[in-house]
Amino acid sequence: MFLVLLWLSSFFIVRRKNMRNSKKRNIYQITLSSLFLSLSVIFAAISKYVVPLFHMPNGGSISLVMMFLTLASLILGPFYGLFVSLSFSLINLTIDGGFSYNWMSIILDYLVAFSCSVVCSIYRKQYFEKKPQALIYALLSFAVLRFICHFFSGVLIEWNGDVGS
C-alpha cells in the first residue's frame, strides 16, 4: 500500500513539472484536491465501520487519513491543503455523528487538528526535490501538532469539568 502511494506521488511530481498554463494548473489542483478528499473520507469510513481494529477506548483511531492530507498539502500547497483538511474535518465530524463534549472539542478536535496538515507545506520544496525524508518529516510534524491539539482539547474539557466527576 505504501509503495502504491509513493508511486502515485511520484506521478504527481512528474505531472506537476509539465503544467505551465495557469488554467490547467487550477483544474489539476482542484481535481487532485477532490481525489485526496475522497480518499481520506473512504479510508476514514473503512477504519471506522469495516475494520474497527485500531480504535481507542476514549475515542480516536489509527488510520491512513493523515497520509492523504499530508500528500495534499505537499503536492498542492498550503491553500488547497487547508481546503482539503477543513473539508475533511467537517465531513469527519458528520461521520462521527457530531459527537463532541462542547464547542471547544469541535474546534480543537476537528477543525484545528486536521488543519495542522498545512504545516506539511514547509517540506514542499524538499519533497519536489525528491528527498525521501521530506514525507517522513511532514508526517511526523503533522502527527505531533495533531496530538498537541487533541491533548489540549482533553485538558480544557477536564478543566471545565464537563467530563467525569
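# Core, helices and surface of a predicted model

Reader: Which residues touch the most other members of the largest nonpolar core?

Author: In this predicted model, the largest nonpolar core holds 33 residues. Helix 2 (22-50), helix 3, helix 4 (78-95), helix 5 (103-115), helix 6 (124-128) and helix 7 each supply at least two residues of that core. The members that touch the most others are F36, L69, L71, I75, F88 and Y127.

Reader: Which helix gives the most to the largest nonpolar core?

Author: The core has 33 residues, and at least two come from each of helix 2, helix 3, helix 4, helix 5, helix 6 and helix 7. The most, ten residues, come from helix 3.

Reader: How many of the residues of helix 3 are buried?

Author: Helix 3 covers residues 65-76, which makes twelve residues. Buried residues are those under 20% relative accessible area, and the ones in helix 3 are V65, M66, M67, F68, L69, T70, L71, A72, S73, L74, I75 and L76. The helix is therefore mostly covered under that cut-off, and the number of its residues that are buried is twelve of twelve.

Reader: How far does helix 3 reach from its first C-alpha to its last?

Author: At 1.5 Å a residue, a span of 16 Å is expected for the twelve residues of helix 3. The computed reach is close to that expectation, at 16 Å.

Reader: Which residue just after helix 3 takes a positive phi?

Author: Helix 3 comprises residues 65-76. Just after this helix, a positive phi of about 100° is taken by G77.

Reader: With which residues is F88 in contact, leaving aside its neighbours within four places in sequence?

Author: F88 belongs to the group that touches the most other members of the largest nonpolar core. One of its contacts is L69, which is in that group as well. Without the neighbours within four places in sequence, the contacts of F88 are L37, S40, V41, A44, V65, L69 and F114.

Reader: Is Q29 buried or exposed?

Author: Q29 is found in helix 2, and it touches L76 and Y80 when residues up to four places away in sequence are not counted. Its relative accessibility is 13%. Because the limit for burial is under 20%, Q29 counts as buried.

Reader: Which residues of helix 5 are buried?

Author: Helix 5 has 13 residues and reaches 17 Å from its first C-alpha to its last, close to the 18 Å expected at 1.5 Å a residue. Its buried residues are M104, S105, L108, D109, Y110, A113, F114 and S115.

Reader: How far apart in space are I148 and D109, C-alpha to C-alpha?

Author: I148 lies in helix 7, while D109 is one of the buried residues of helix 5. I148 counts as partly exposed because its relative accessibility is 36%. The two residues are 39 residues apart in sequence, and their C-alpha to C-alpha distance is 10.0 Å.

Reader: What accessible area does the nonpolar patch on the surface have?

Author: The patch is formed by V144, F147, I148, F151, F152 and V155. V155 has its place in helix 7 (residues 133-160) and, at 38% relative accessibility, counts as partly exposed. Together, the patch residues have an accessible area of about 570 Å².

Reader: Which side chains meet in a salt bridge?

Author: The structure holds one salt bridge, with an N to O distance of 3.5 Å. One partner, E129, is partly exposed, with a relative accessible area of 42%; the other, K131, is partly exposed at 37%. The side chains that meet are those of E129 and K131.

Reader: Which residue has a positive phi although it is not a glycine?

Author: The residue in question is found in the loop between helix 6 and helix 7. At 52% relative accessibility, it counts as exposed. Its phi is about 60°, and the residue is K130.

Reader: How far apart in space are Y101 and S153, C-alpha to C-alpha?

Author: Y101 is found in the loop between helix 4 and helix 5 and is partly exposed, with a relative accessible area of 43%. Y101 and S153 are 52 residues apart in sequence. In space, C-alpha to C-alpha, they are apart by 9.7 Å.

Reader: What percentage of the residues of the protein chain count as buried?

Author: The protein chain contains seven helices and zero strands, and it exposes about 9,900 Å², of which carbon and sulfur atoms supply 70%. Among contacts with a separation of 6 or more, residues 24 or more positions apart account for 72%. Of the 165 residues, the share that counts as buried is 38%.

Methods: Residues are numbered from 1 along each chain as its sequence is written. This is a predicted model: local features need pLDDT of at least 70, side-chain atom pairs count only at pLDDT 80 or more; totals for chains, interfaces and linings use all residues. Side-chain values use heavy atoms; hydrogens and water are left out. Patches are made of residues with over 30% relative accessible area and no salt bridge: like charges are joined within 9 Å, nonpolar side chains (Val, Leu, Ile, Met, Phe, Trp, Tyr) within 5 Å. Accessible areas come from the Shrake-Rupley method with a 1.4 Å probe; for residues, only the protein chains shown count as cover. A salt bridge is a side-chain nitrogen of Lys or Arg within 4 Å of a carboxyl oxygen of Asp or Glu. Helices (H or I, at least four residues) and strands (E, at least two) are DSSP runs, numbered from the N terminus. Buried means under 20% relative accessible area, exposed over 50%, partly exposed in between (1.4 Å probe, protein chains only). The expected span of a helix is 1.5 Å times one less than its number of residues. A nonpolar core is a set of buried Ala, Val, Leu, Ile, Met, Phe, Trp, Tyr and Cys residues joined through side-chain atoms within 4.5 Å. Contact means heavy atoms within 4.5 Å.
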